[in-house]
Structure formats: C-alpha cells, structure tokens
Amino acid sequence: MSMGPVETGLMIYAAVTLYWSLLGTYMLVKTDVISVKAAPIIIGYSLFAWLTSRIMYINFPEIPPHPILILSRVVDSPQGILTTIYVYVRTKVIKIKWMPYIIGYSFFLAVSRITMYLLRDLPVPEILVLPTLLAGWAGYPVWFYVYTKANRVFTPKAAYALASYQVIVWAVSIIMLYQLGLPYSIISSVQMLMEYPSTIVTLILVDRYRLRNLGVYASDEL
Amino acid sequence: MYVEYEGLWVAGGTWIFTFAYMYWVWEDSQRHKKRVWIWLLLLLLAGDPFSTLVGEVRTLGDPFSTFVSNFYRYEYLPSRGIYPYLVPLFKYDASHFVEPIWVLDTIFFWNLALSLVDGTVTYAVMFWIYRDCRKVGERATPWICVMRFIQNPPFPIGYLIPLGGYTGQIFVLVAYILRKFGYI
C-alpha cells in the first residue's frame, strides 16, 4: 500500500502526537501528578482528541464552524477539567464533590452546545461571535458552584461585582458588533483587554483563599 | 502540497505539559505557602490556557497579536466586506495533492523537527528543575513560570528579548545551576 503526501504527513504528525503524549505522561507519573494506572487513559485520550480534531478538519476545513465548535469543546472538556479543577483539588487549593460537579459541568456543557446549534444559521460573522458569547455564559453556574458554594473563595459581594463586570464586557462586545459595526479583529482585541481585570482579580482571590486556608492570612475578610 | 492544508498539520499531546506544569506550580506554592498569582499571570500572558470565573478555557495573551491573527482569519473576512463564502465550499480531496512541492515540504518538516527539539529541551529542563527543587526543598515556581514566559512572551517583549525556542531554557538552566552551587 503506497501512501500519498497527505497520508504521509498525517502519519508523521501522529507519531509526533504519540511522542508528546508519552513524554508528557512520563513526566506526570514521575512527579506524582497521576498514578501509573491512569497513564494509559491519558495517552489514549490524548491520541483520541488529536484524531477526532483531524477527522473534523478533513471534513470541514476551516468552515463551516459549528460542527467543529460543537464537537471540539466536548472532546476538549476533559483537558479543561484536568488542567484546572483536577489540579485545584489534587493540590488541595479547593474542595469539591466530584459527582455534583461532573453532572453540573456536563449539563451546562450540553446547554452551551445546544445554544450554538440553535444559532447555527446566523449570518457570518455573528455565527462565530454571538454563539461564543452566549455559550460562554453556560459555564457560569458551575464556576459559581466551585467558588461560592463548595468553597468560599468569593464573598457574595465580590461574586456579584465580578458577574456585573462580565455583563458589562458582554454588553460592550454586543455594542461593538451591532452599534459600532467594528471588525472582529478589533472586537477580539478589546475583549482580550477586558479579560485582564476579572482574571487578575479572580487569581488574587483564589490565591488569598488558599493562603488563608494554609494559615498565612489570619484575617477572614476579603 | 502540504502547506495548503496548513490547519491540518497540528500535533496533539502538548496539553499534557500544560497540565503538568500547572500542577507543579500550584503544588510547589502550596508546599512553600507562597503567593502564586503573579507567577500565574506570567503563564497567562505567555498564552497558556486557564479557566477563570468566566468558565471557558481561555488565555490572556496580548491584544496586538490577537488583532493580527484575527485580521487574517478568513472566517472573519466578511466583517471587513470580503465574502469568501460566495465561492463553493472547499472539500477535502487527496487527489489535489499529486505533486508535493518538495522545497516547501522540506522547510515545513524541518520546522517540525526543530519544534520537537525545542519542546523536548524546554519540558525536560522544567521537569528536572521541578524535581530538583522538590528534592532540596527550594521553590520551583519562579523558574517554571519564567521559562514558560520567555518561550512565548507577549508582543513586543519577544522582539526585545529574543529568547524563544530552547535558547532561553538554556539560560535559565545555567542560572539555576549557578544559583544551586552558590555562584549567584
């Protein structure tokens, strides 16, 4: 069986993916991030995620985006959990009950994907901008569960302030899109700038919560 | 030719390293009971994914690079009055690739080979420093975060301090060893 250039290229990239997966998993095991038993799962998932995204790209190169966006976030979601919640819980930064978290996360992930599907017929570029904005909001309840219910990272006042700020960010994006008619390149730059304050405040609050639990901060006030 | 399917040529598996050093940074900061948010901010500015209150995995990155990358993304060209959707939908067909352009392909795979070397050196140095710090009871977070930051700094820092690839990691490794043996 002879392989064409595309097949050859894909085989090379599959080998590279396998290399990164093996090397990364080796480091995870050697530094006690995961157990040896979990290693095959991580390697298998990593290869599966790569293969799925390649198959989607072959069938939908660049456009149309919705099948890719809908499926990719579902396939990528374990990565998000591992790199954030798992790390937080395993290093004892926060505590959660896994079952309510997984159920809540899966539910709101489904909500965001259905939202995106329902909005699939919107004209370009709104097809990319609006669903992203709307679907992003589906993640809020789970984070509120993690930060305010399961752990008291935020006081209610701080949580409301951050939520209000996100509303403003969302409104500014809508105004830029519909009122000002700005191109997406500018909208995305402004969005990125507007992420700085809430991200930095969130990082500081999580850090203070963590240090307070470790006994570094005596005060319970934020 | 390969370059027409540029978006197809993406290797997977590197997310595992993000997972690893995010864990190392938090674990190290817990053990030493030190602040971590400033160091995490460096990681975010280097474009690493991190979930915040907003609930989606996202990066901070820099606004300039975001502008440039989205300016040329052709899904968004209609917002600038250009309508690529008016042409028939391009469908994948391997028979379009009968004659590879070998020069471009060679450059392309040479870059792939270099990225393997860069990545391996970078993650190996991070891994070694983290384990060494854990063994001797030193703090690893600043080293890990600086290594990741200089690998992919936001505009224009990358132009002012060109230490991308594995060059910066070698500097950090030498600095770490000098510090370890009391020279700095």
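**Exercise 1. Place A:Met56 in its helix and decide whether A:Met56 is buried or exposed.**

Start with the location: helix H2 of chain A, which spans residues 39-59, holds A:Met56. Keep in mind that this is a predicted model. Next, the cover: the relative accessibility of A:Met56 is 7%. The cut-off for buried is under 20%, so A:Met56 goes down as buried. To finish, pick a partner for a distance check: A:Leu71 sits 15 residues away from A:Met56 in sequence, and their C-alpha atoms are 8.7 Å apart.

**Exercise 2. Work out which residues touch the most other members of the largest nonpolar core, and where that core lies.**

First, the membership: this core has 86 residues. The ones touching the most other members come from both chains, namely A:Ile85, A:Tyr88, A:Ile94, B:Phe19 and B:Trp24. Then ask which element gives the most to the core: that's helix H1 of chain B (residues 15-32), with eleven residues. Now the location: chain A supplies core residues from domain 1 (13-59) and also from domain 2 (61-213), so the core lies between these two domains.

Zoom in on B:Phe19 for a closer look. Skip its neighbours within four places in sequence, and its contacts include A:Leu28, A:Val33 and A:Ile34. Also on the list are A:Leu82, A:Thr83, A:Tyr86 and A:Val87.

**Exercise 3. Sketch chain B: how many helices and strands does chain B have, and in what pattern?**

Count the elements: there are seven helices and two strands in chain B. Put them in sequence order and you get α-α-β-β-α-α-α-α-α. Now for burial: of the 184 residues in chain B, 45% are buried. For contacts, take pairs at least 6 apart in sequence; 62% of those in chain B link residues at least 24 apart. Last comes the surface, where carbon and sulfur atoms account for 67% of about 9300 Å² of accessible area in chain B.

**Exercise 4. Find the residues of the nonpolar surface patch on chain B and the helix that gives the most to the patch.**

List the members: B:Val117, B:Trp128, B:Tyr166, B:Ile170, B:Val174, B:Ile177, B:Leu178, B:Phe181, B:Tyr183 and B:Ile184. Together they have about 970 Å² of accessible area. Map them onto elements: in chain B, helix H4 (102-136) and helix H7 (167-180) are the ones giving two or more residues. H7(B) gives the most, with four.

As a check on one member, take B:Val117, which belongs to helix H4 of chain B. The relative accessible area of B:Val117 is 40%, so B:Val117 is partly exposed.

Conventions
Residues numbered from 1 in each chain as written. Chains lettered and ligands numbered in written order. Predicted model: local features only at pLDDT ≥ 70, side-chain atom pairs only at ≥ 80, totals over all residues. Heavy atoms only, no water. Patch = residues over 30% accessible without salt bridge, like charges linked within 9 Å, V, L, I, M, F, W, Y side chains within 5 Å. Areas by Shrake-Rupley, 256 points an atom, 1.4 Å probe, with all protein chains shown as cover. Salt bridge = Lys/Arg side-chain N within 4 Å of Asp/Glu carboxyl O. Buried < 20%, exposed > 50% of the residue type's maximum accessible area, 1.4 Å probe, protein only. Contact = heavy atoms within 4.5 Å. Core = buried A, V, L, I, M, F, W, Y, C linked by side-chain atoms within 4.5 Å. Domains from an automatic or database assignment.
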